[in-house]
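Subject: Structure for you to look at

Hi there,

Here is the structure I promised to pass on. Have a look at it first, and then read on for what turned up.

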Amino acid sequence: MLERINLLLEEIKTFKPNNIEEVENFRIKHLSKKGSISELFNEFKTLDGSAKRELGKPLNQLKQITIQKVNELKEEFDTANVQKSGFDLSLPAYPIKHGGRHPLSLVKNEIIGIFNRLGFTISEGPEIEDDWHNFSSLNFPEEHPARDMQDTFFIEKNPDVLLRTHTSSVQAHDMEEHSLPIRCLTPGRVFRNEAISARAHCIFHQIECLYIDKDVSFADLKQCLSYFAKEFFGEKTEIRLRPSYFPFTEPSAEMDVTCSLCGGKGCNVCKGTGWLEILGCGMVDPNVLELNNIDSKVYSGFALGMGIERITMLKYGIKDLRLFFENDIRFLEQFNAGV
Ligand code: DAH
């Protein structure tokens with residue numbers, strides 16, 4: 001038996017396969033249950049004690065050497081394949097980086113969520129508009145400065161094709177397309193011919209809210225504003241309304257909230273006043289209702305509009321508006337903890 005072991009050892013040591021299939025056949029021939037080495041082990045079991053003592057060691061060595069040889073050959077062919085194909089399929093994959101939401105989207109979605117709870121649903125309109133939707137239907141007088149070339153990006157002057165300067169342009173679409181009562185919420189991009197700086201941009205985002213029904217009063221507007229402010233800025237937030245002017249609302253107001261950073265005591269964010277200006281609002285001007293074929297003796301409504309960039313800057317203490325558009329990953333990845 002020792003002779004057979006040595007012969008087999010010789011055969012195994014000198015084995016030179018041409019491909020991985022030959023290695024596998026070699027393994028089956030010698031190491032499988034019915035392979036040559038297993039056969040020797042079966043025979044070994046029948047031997048007497050002294051023969052076992054003599055043959056145990058060489059037989060085990062034969063097995064170990066064969067296993068090692070098979071492993072080495074397999075590895076050799078694997079690396080040869082990698083070198084040939086240029087791919088190493090055993091390399092771990094690159095970790096997948098999770099994307100995240102843009103801070104403007106996070107704030108927009110939060111605002112939408114709050115108004116959804118009050119029964120407002122989203123209604124989007126076009127970014128390329130005409131004079132009627134952006135200005136005339138909203139009661140802008142012919143000579144109003146907002147129609148001036150300085151503010152508006154005109155695509156064509158006659159007939160007027162322009163980039164909307166505010167999401168209020170969707171109000172007329174809402175009144176054309178929806179039956180009453182109307183409870184619409186419009187998030188979207190708006191465009192103004194402004195020099196880009198830390199505080200202004202030619203592209204920015206607004207959210208518009210329009211409610212028209214019978215018996216809508218200023219108290220409804222105030223309640224809606226107060227609910228929004230407390231939900232968004234915190235339960236302790238107070239609001240104040242300052243009289244203002246917009247062609248499409250009468251009366252019109254601007255809403256301030258108590259500064260969420262100093263709690264109203266005064267700090268450099270609120271410039272010592274304790275108040276932050278958040279949005280414009282008012283009761284829909286009866287002229288606007290009539291221009292859009294709604295009977296202003298039966299129906300009334302309120303509207304409000306706010307800039308998403310401004311609110312995001314206040315929420316996160318961001319000082320430069322341009323950061324929102326540069327899309328620097330180091331800036332963006334700070335906002336997505338837990339998303
Ligand atoms: N459209 C106004 C702007 O861009 C914001 C605004 C003010 C919207 C009052 C409203 C409103 O709906 O009632 O400055």
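Let me start with a pairing in the sheet: Thr121 stands opposite Cys184 in β5. Please keep in mind throughout that this is a predicted model. The pairing belongs to a parallel match between strand β1 (residues 121-122) and β5, which is made over two bridges. With strand β6 (residues 203-214), β5 runs antiparallel, and ten bridges join them. One point to click on there is Thr186, whose bridge partner in β6 is Glu208. As for exposure, strand β5 (residues 182-191) is mostly covered, with eight of its ten residues buried.

Glu208 also turns up in another place, as a contact of Ser168. This serine sits in the loop between β4 (161-163) and α7 (170-177). Is Ser168 buried or exposed? Its relative accessible area is 4%, and buried means under 20%, so Ser168 counts as buried. Leaving aside residues up to four places away in sequence, Ser168 touches Leu138, Glu208 and Phe248.

Next, the charged pairs. The count comes to 14 salt bridges, and three of them are described here.

The pair I would show you first is Asp256 and Arg242, whose side chains meet in a salt bridge at 2.8 Å, N to O. Asp256 is in strand β8 (residues 249-258) and Arg242 is in strand β7 (residues 239-246), so this pair ties together parts that are 14 residues apart in sequence. Asp256 is buried, at a relative accessible area of 2%, whereas Arg242 is partly exposed at 27%. Both residues also belong to a network of salt bridges that links Arg240, Arg242, Glu254, Asp256 and Glu277.

Another salt bridge joins Arg27 and Glu24, with the closest N and O atoms 2.9 Å apart. Why are these two separated by about one helical turn? The reason is that Arg27 and Glu24 are three residues apart in helix α2. Arg27 is partly exposed, with a relative accessible area of 27%, and Glu24 is partly exposed too, at 29%.

The remaining pair I picked out is Asp160 and Lys157, where the N to O distance is 3.3 Å. Asp160 has a relative accessible area of 21% and is partly exposed. Lys157 is partly exposed as well, at 47% relative accessibility.

Now to the start of the chain. Helix α1 (residues 2-14) has 13 residues and reaches 18 Å from its first C-alpha to its last, close to the 18 Å expected at 1.5 Å a residue. Which residues of α1 are buried? They are Ile5, Leu8, Leu9 and Ile12. Looking down the axis of α1, these buried residues fall within an arc of 105 degrees, so they line one face of the helix. That set of buried residues packs against α2 (20-31), α3 (36-45) and α4 (49-85). On the other side of α1, Glu3 and Leu7 are exposed.

Finally, the overall layout. The chain is divided into domain 1 (2-85) and domain 2 (103-335). How many Å separate the centres of the two domains? Taken over C-alpha atoms, the centres of domain 1 and domain 2 are separated by 80 Å.

Happy to go through any of this with you on screen.

Best wishes

Note on methods: Residues are numbered from 1 along each chain as its sequence is written. This is a predicted model: local features need pLDDT of at least 70, side-chain atom pairs count only at pLDDT 80 or more; totals for chains, interfaces and linings use all residues. Side-chain values use heavy atoms; hydrogens and water are left out. Helices (H or I, at least four residues) and strands (E, at least two) are DSSP runs, numbered from the N terminus. The expected span of a helix is 1.5 Å times one less than its number of residues. Buried means under 20% relative accessible area, exposed over 50%, partly exposed in between (1.4 Å probe, protein chains only). The arc is that of the directions from the helix axis to the C-beta atoms. Contact means heavy atoms within 4.5 Å. A salt bridge is a side-chain nitrogen of Lys or Arg within 4 Å of a carboxyl oxygen of Asp or Glu. Domain bounds come from an automatic or database domain assignment. Two strands pair if DSSP finds at least two bridges between them.
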